[in-house]
Amino acid sequence: MASSTGTPKVTSVVDLPSSDAKWVKLQKATYVDAKGKERIWEIASRKTTGSAGVDAVAMGNIIYHPSKPPSTIVVIQFRPPVGGFTVEWPAGLIDADEKPEEAAVRELYEETGYKGKVISTSPPVAADPGMTSANLCLCMVEIHLNEGDPEPEQHLDEGEDIQRVNIPIAELYDRLEEFAKEGYVIAAKLYHWAAGAQYAIDHPELFARLGKKGQ
């Protein structure tokens, strides 16, 4: 997907000392395993973790409209670490002394233009525990629209080029599969949520049994 000025691309990748990096540092952890053997692990950590101890927030969002089925907004943007365009839920870093819920409302407004209400927040969860100490909270956000509401204006930071796609919840899993076939990189947290929702739709008998067990 091209931006308004062309197609982004990675032109070079070089090693970067942690001392020269603004956002990330590479660390060596020494630990003792269950058998008492000392081992080494390499860890990538963020330099920007605030007082809340949480690096980032992702906004799972449900849009309610009077005459349309429930939907969700995903964002498409170029991500240099994967060398291509990703399909994600809106997300961003939490500012110093900012709560995850505050960051969720702010980032959703900046990236999509929509104003939402946080209805639930996950505990801090690991982003990629085999490689990094980075974590995030998943905030589920509801957006309630009225008939005839126009698509809101984004409020992007300088350098951001983010495109929005509104997808009916019932079609989310299939649309992500289509995006993947087209060469997009699907963010794991979005795909996992969509796959779980699709599994629940395809296997209602499992949840019926669970409901009876709890009675």
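This passage walks through a predicted model of a single chain, from its overall makeup to a handful of individual residues.

Let's start with the big picture. The chain has 215 residues, and 33% of them count as buried. Its secondary structure comes to 4 helices and 11 strands. Measured out along its principal axes, the C-alpha trace spans about 60 × 55 × 40 Å. How much of the contact network links residues that are 24 or more positions apart? Looking just at contacts with a separation of 6 or more, such pairs account for 58%.

One stretch of the chain comes with a label from a database. The UniProt record, an unreviewed entry, carries the annotation "domain: Nudix hydrolase" for residues 54-190. In the model, that stretch is 19% helix and 40% strand. Its two end C-alpha atoms sit 19 Å apart.

Next comes a pair of helices, H2 and H3. Helix H2 runs over residues 172-181 and helix H3 over residues 188-202, and their axes come within 8 Å of each other. The crossing angle is roughly 135°. Why does this pair count as oblique? Angles over 145 degrees would be roughly antiparallel and those from 65 to 115 roughly perpendicular, so an angle that falls in neither range, nor under 35, goes down as oblique. That is how H2 ends up oblique to H3. As for handedness, H2 passes H3 in a left-handed crossing. On the H2 side, the contact is made by Leu 172, Tyr 173, Leu 176 and Glu 177. H3 brings in Leu 190, Tyr 191, Trp 193, Ala 194, Ala 195 and Gln 198. Sorted by class, the contact has 8 nonpolar residues, 1 polar and 1 charged.

Two residues from these helices can be looked at one by one. Tyr 191 is found in helix H3. With a relative accessible area of 27%, Tyr 191 is partly exposed. Once its neighbours within four places in sequence are set aside, Tyr 191 is in contact with Tyr 173, Leu 176, Glu 177 and Ile 186. There is also a long jump along the chain here: Tyr 191 and Glu 88 are 103 residues apart in sequence, but their C-alpha atoms are 8.6 Å apart in space. Over in helix H2 lies Asp 174. Asp 174 is partly exposed too, at a relative accessible area of 45%. From Asp 174 to Ala 195 it is 21 residues in sequence and 9.4 Å in space, C-alpha to C-alpha.

Earlier in the chain, Trp 23 sits in the segment before strand S1, which covers 24-32. Buried, exposed or partly exposed: which is Trp 23? Its relative accessible area is 43%, so Trp 23 goes down as partly exposed. Beyond its neighbours within four places in sequence, Trp 23 is in contact with Ser 45, Arg 46, Lys 47, Thr 48 and Leu 93. One of these partners, Ser 45, is 22 residues away from Trp 23 in sequence, and the two C-alpha atoms are 8.6 Å apart.

Helix H1, residues 100-112, is where Glu 110 has its place. Is Glu 110 buried or exposed? Its relative accessibility is 16%, so Glu 110 counts as buried; the cut-off for that label is under 20%. Leaving out residues up to four places away in sequence, Glu 110 touches Gln 154, His 155, Leu 156 and Asp 157.

In the loop between strand S6 (91-93) and H1 lies Asp 97. Asp 97 has a positive phi of about 65°, although it is not a glycine. Asp 97 is exposed, with 66% relative accessible area.

Last up is helix H4, residues 204-213, which holds Arg 209. Arg 209 is exposed as well, at a relative accessible area of 53%. How far is Arg 209 from Val 75 in sequence and in space? The two are 134 residues apart in sequence and 36 Å apart in space, C-alpha to C-alpha.

Key:
Residues numbered from 1 in each chain as written. Predicted model: local features only at pLDDT ≥ 70, side-chain atom pairs only at ≥ 80, totals over all residues. Heavy atoms only, no water. Axes fitted to C-alpha atoms, helices over the stretch in contact; angles between N-to-C directions. Left-handed = near helix turned anticlockwise from the far one by under 90°. Contact = heavy atoms within 4.5 Å. Nonpolar A, V, L, I, M, F, W, Y, C, P; charged D, E, K, R; others polar. UniProt positions renumbered as here; feature names shortened; annotations may be inferred. Buried < 20%, exposed > 50% of the residue type's maximum accessible area, 1.4 Å probe, protein only.
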